[in-house]
Amino acid sequence: MTAAALTALLPHQCSVHLVESEAIGIIGVGEATLPHMRAFNQRLGISEAEFVTATRATFKLGIEFRDWGRIGDSYIHPFGTYGSGQGAVDFHHYWARLALAGHAVPPIEAFSFACALARQNRFALPSSDRQALSSTFDYAYQLDAQSFAPLLRRRAEAAGAQRTEGMVSAVERDGETGWITRLRLSDGRTIEGDLFIDCSGFRALLIGEALEEPFEDWSRWLPCDRAVALPCRTATAVTPYTSAIAEGAGWRWRIPLQHRTGNGYVYSSAHLSDDAAAARLGAAVEGEPLAEPRVLRFRAGRRRRSWVGNCLAMGLASGFLEPLESTSIYLVQAAITALIELFPERDIAATDRDEFNRLVDLEYDRVRDFLILHYHATTRTDSTFWHDVRSTPVPDSLAEKIELFRRRGRIVRYSEGIFRDASWIAVFTGQGIVPQGIDRRAERPALDDVARSMADLRDAIADQAARAPGHVAFLDRQRLAVAA
Amino acid sequence: MTVPGERAIEHVAVVGGGLTGWSAAAALKRRLPELTVTLLAEAATAPGLIDHLPGALPSIHDFHADLGLGDGDAVHRTGAAYRLGTLMTGWATDRPDYVHGYGAHGPALPGGSFHLHWVRAQYDGAAPPFDQLAAGAALARAGRFATPVASSQDPFGRYGYGLTIDPPDYLAMLRAFAEHVGVSVDHRGVAGVAPTERGWVDRIVLDDGDTVRADLYLDCTGSAARLCAALDDEWEDWRRWLPCDRIIVASVPLRDAPSPLDRASAWAAGWRWSATGARSASEGIVYHADATTDDNARQMLSGATTGPMAFAAGTRPQPWRGNCVAIGEAATVIEPLGWSALHLVHSAIDRLITMFPDRELSGVEAADYNRQAHAEAERVRDFVLLHYAASSRPEPFWPQWREATLPASLEHSLALFRDRGRLPFYEHETFDRDEWLAVLIGQGVLPRRIDPLVRSYPAADAARHIAAWHAAIAAGVAARPPLAAFLGDPRQARPQ
């Protein structure tokens, strides 16, 4: 992604040399993404049709969370808003008002167009008419990351990136500044550069092994440190959403692609053995397995600094947060955007580096808090794992967010970074944190009027969603369009 | 589960009249009509700076809309006029004057923000002055006015405008409105505040010995902060960054036709303003007491003057404490440059209404409110300070401010901009990016290098788009009426 973005967005201003080894596999086990992915593709001029065809992608309206707050619960965190998007006071205050007044109110997802589409296994592109209910959502993709990399590689090479196949055996550094001067490959070749970008994944060859930049460990909040992955044939619906199903020692993903379904179990090795995890996953997958189970090891956290000297880490080399909210590719993309905007000169100004690190930290910290919320807001007591995660004190920044929502339905606003109001509302209400008070202004309209207009809205959303094509039908239509 | 309403706040005491107190009382009662709102209108020991300032930012229209006030009442009957910006003269001695207006500069071009393209054109010697590429600023210079068109592609679709108010007339309108919507006004003087043991407000004691108790108290008594000062003495002193500490104002008759462009002119010991409403004009001088004498300053104004009024820049780190919220100068004192005072009042009121607490008054809301208020105040401070830090005047008063150690947030903004023209993002900005750019570029701060992003777009293409935009603005300005004609034309009433 980095090489393709640099060559496309900064043409002729830097030469990009990509060192890649076929011997090191791509971690991608089927990836769920966030809507920002579309902006990345657009900026690089990758059309949706080309992308969806090449990566065997499906559309994604959100994530279904099953068994999180308690066993038997299910809610969808949608890429969209609740209500019809009108009025000075946010919709969820009216929703909470009815519930507090003792009305039988359906879960808040009944008032989300994205959730309605998802629950009906339907998909359509959002309307550009801002007044329409069908404009109140966004979408992302579920894709095969293994086939995304070659597409990006072709683009990068066509735009002038040079690719070298080889293994880095030594990192040479300037004795005075500590900056990286050249990479030595195992066959003796050397590669020089002004800026070195470490995309080597968990190994963090440059920023970790060579520069020894410390890693901030967040496992006290996010104890999951393994995942076992097992793709299978799709036996049930190709859902326009990813599923995250809570399990005894972590959670399980289900990501339906066009040609198969990705499955995995993310767990805490302190609470579950690899064999037991693989066995549980094997029992849970819906169709015939298409590979042997593969175990991945990781640790939640991030580098203290992602850009040190003339070395900058991207993706897993810079940090790791479990894929519960599909943030891996997003975090890479955010770092690329920051790098492009702060693209340095040869002497690399400290201001650029500091600003990059500030932006990257902000993104990681926000995702971290949002993930912790999923483990904290639960009443599950069925295993030591859940007992442990539930009782771990949360960071102050998160404790305050929870308290503000619980008391008055307030969401802490910010205008940069991911996970805005609707995301927080989805997880809060989906996992049993409901407002005990609401915005005073939402108490003004007559209760009966509020109840009636909410019922109308719910019906309108369900009706309009029912008119959209099925997800598979939509994919087929697009495939035909590409073929034609 | 609790039923909403059972812990609800019923009574709010707004302590202090003036624009701050009346605005707060009117907005609370209008937007939360079930509240009892008592305004202790004579509680302030002296009028605040805000009650003398003519400038209001574009956000004032949102405040009016929230109250259901149309331009007929809020603008035309109060003698206010539309303002499109401020002509900044003398801030950088080797530079021409510039307009700080509201709204976008230039068209959107591929590769990066417009101003980065402009910087490249400027280095190539081919760029028109930056403020001529903003429609609002260009209209302002020409003394013309029209409301923006409804298209984001059109240069005339992307500017904002505030108001030049006549403070006494505007206040009279707010009073009438507040009383009309049911604010109960008590004109007895305030003797003092009795705090509770935990340091909240227990009651207000009036001059005649009566007391007023409420669920929530708003301290709108100006910099005296009569409520807050009785609870704690926390104050963040910003005088090392914001140099001016005196102000003299003069209300003068309107000599010429009203202009949508007010002026802020730097001089040896500070700066002075002139602004015109529909019926009257205002002048003021803002200075540092050590850099001149009061008489000297006064002589620069014509007509009857008020002042000097002394003030000390700074902010209360916790404007909301327990059951008491400081609004306006009781919370933050920043000199008038940029006309942020009324905006900060409106913003505080809106924030309070959005976060309106119940009687439990948990500290969680106060903490969030205080964090936002503090971030907002700091960035206003940074923006005002930017004018001094980026000045190039030679008189003894000036150089110290550009050599001073800046707050880290402003240092960060300046360092990034000077290096490559990037402006870092901060939450709770009052002045948007185009306003920062207007001042930075207007005062001659230019990035050291051209951002690599814009090099992916041919300079000749950028220059062509810039020239076309420039020409479209010039033509559009000529087609719009002078402000006086706009104000006098009943067909031009702003749509509600």
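Reader: Why does E286(A) count as partly exposed?

Author: The relative accessible area of E286(A) is 27%. Buried means under 20% and exposed means over 50%, with partly exposed in between. Because 27% falls between these two limits, E286(A) is called partly exposed. This value, like the others here, is computed from a predicted model.

Reader: What makes the meeting of R254(A) and E286(A) a salt bridge?

Author: The side chains of R254(A) and E286(A) come to 2.7 Å, N to O. The cut-off is 4 Å between a side-chain nitrogen of Lys or Arg and a carboxyl oxygen of Asp or Glu, so a distance of 2.7 Å qualifies. R254(A) belongs to strand β15 (residues 250-256) of chain A and E286(A) to the loop between α8 (274-284) and β17 (294-297) of chain A, so the bridge ties together parts 32 residues apart in sequence.

Reader: Is R254(A) buried or exposed, and what shows it?

Author: R254(A) has a relative accessibility of 8%. Since the limit for buried is under 20%, R254(A) counts as buried.

Reader: What makes R188(B) and D210(B) a salt bridge?

Author: Their side chains meet at 2.7 Å, N to O, and the cut-off of 4 Å is therefore satisfied. The pair links distant parts of the chain, 22 residues apart. R188(B) sits in the loop between β8 (184-186) and β9 (190-195) of chain B, and D210(B) in the loop between β10 (201-206) and β11 (211-212) of chain B. R188(B), at 31% relative accessibility, counts as partly exposed, and D210(B), at 39%, also counts as partly exposed.

Reader: Which residues does the salt bridge of 3.2 Å join, and where do they lie?

Author: The side chains of R464(B) and D461(B) meet at 3.2 Å, N to O. Both lie in helix α14 of chain B, and because they are 3 residues apart, about one helical turn separates them.

Reader: Why does R464(B) count as exposed?

Author: R464(B) has a relative accessibility of 52%, and exposed means over 50%, so R464(B) passes the limit. D461(B), at 24%, counts as partly exposed.

Reader: Why is helix α5 of chain B said to be largely enclosed?

Author: Of the 8 residues of α5(B) (residues 135-142), 6 are buried, so the rest of the structure largely encloses this helix. The buried residues are A135(B), G136(B), A137(B), A138(B), L139(B) and A140(B). The buried residues of α5(B) pack against β6 (98-101), β15 (261-267) and α14 (459-478) of chain B. After α5(B) comes G143(B), with a positive phi near 75°.

Reader: Why do β2 and β3 of chain A stand at the edges?

Author: In chain A, 3 strands form an open sheet in the order β2-β6-β3, with antiparallel pairing. β2 (31-32) and β3 (58-60) each have a single partner strand, so one side of each has no neighbour in the sheet.

Reader: What makes β2(A) and β6 of chain A a pair of strands?

Author: There are 2 bridges between β2(A) and β6 (residues 140-143) of chain A, and the two run antiparallel. At least two bridges are required, so these strands pair. In the arrangement, A32(A) stands opposite Q142(A) in β6(A).

Reader: What makes R422(B) and E341(A) a salt bridge?

Author: The closest N and O atoms of R422(B) and E341(A) are 2.8 Å apart, and this distance is within 4 Å, so the rule is met. Between chain B and chain A the count is 14 salt bridges. On chain B, α1 (18-31), α9 (341-354), α10 (363-389) and α12 (408-420) each supply at least two residues of the side that touches chain A. The largest share, 6 residues, comes from α10(B). By class, this side has 19 nonpolar, 7 polar and 17 charged residues.

Reader: What area do chain B and chain A bury between them?

Author: The two chains bury about 3600 Å², 47% of it on carbon and sulfur atoms. In this interface, 43 residues of chain B are in contact with 37 residues of chain A.

Reader: Why does D419(B) count as buried?

Author: D419(B) has a relative accessibility of 8%, and since buried means under 20%, D419(B) counts as buried. D419(B) lies in helix α12 of chain B. Among the residues D419(B) touches are A349(A), T351(A) and D352(A).

Reader: What makes the meeting of D419(B) and R448(B) a polar contact?

Author: Their side chains come to 2.5 Å, and the limit for the N or O atoms is 3.5 Å, so the distance fits. Both residues also belong to a network of salt bridges that links E345(A), D352(A), D419(B), R420(B), R448(B), R449(B) and D451(B).

How values were computed:
Residues numbered from 1 in each chain as written. Chains lettered and ligands numbered in written order. Predicted model: local features only at pLDDT ≥ 70, side-chain atom pairs only at ≥ 80, totals over all residues. Heavy atoms only, no water. Contact = heavy atoms within 4.5 Å. Buried area = accessible area lost by both parts, 1.4 Å probe. Helix = DSSP H or I, 4+ residues; strand = E, 2+ residues; numbered from the N terminus. Nonpolar A, V, L, I, M, F, W, Y, C, P; charged D, E, K, R; others polar. Buried < 20%, exposed > 50% of the residue type's maximum accessible area, 1.4 Å probe, protein only. Polar contact = N/O pair within 3.5 Å; in protein donor to acceptor, adjacent residues only side chain to side chain. Lists of a residue's contacts leave out its neighbours within four places in sequence.
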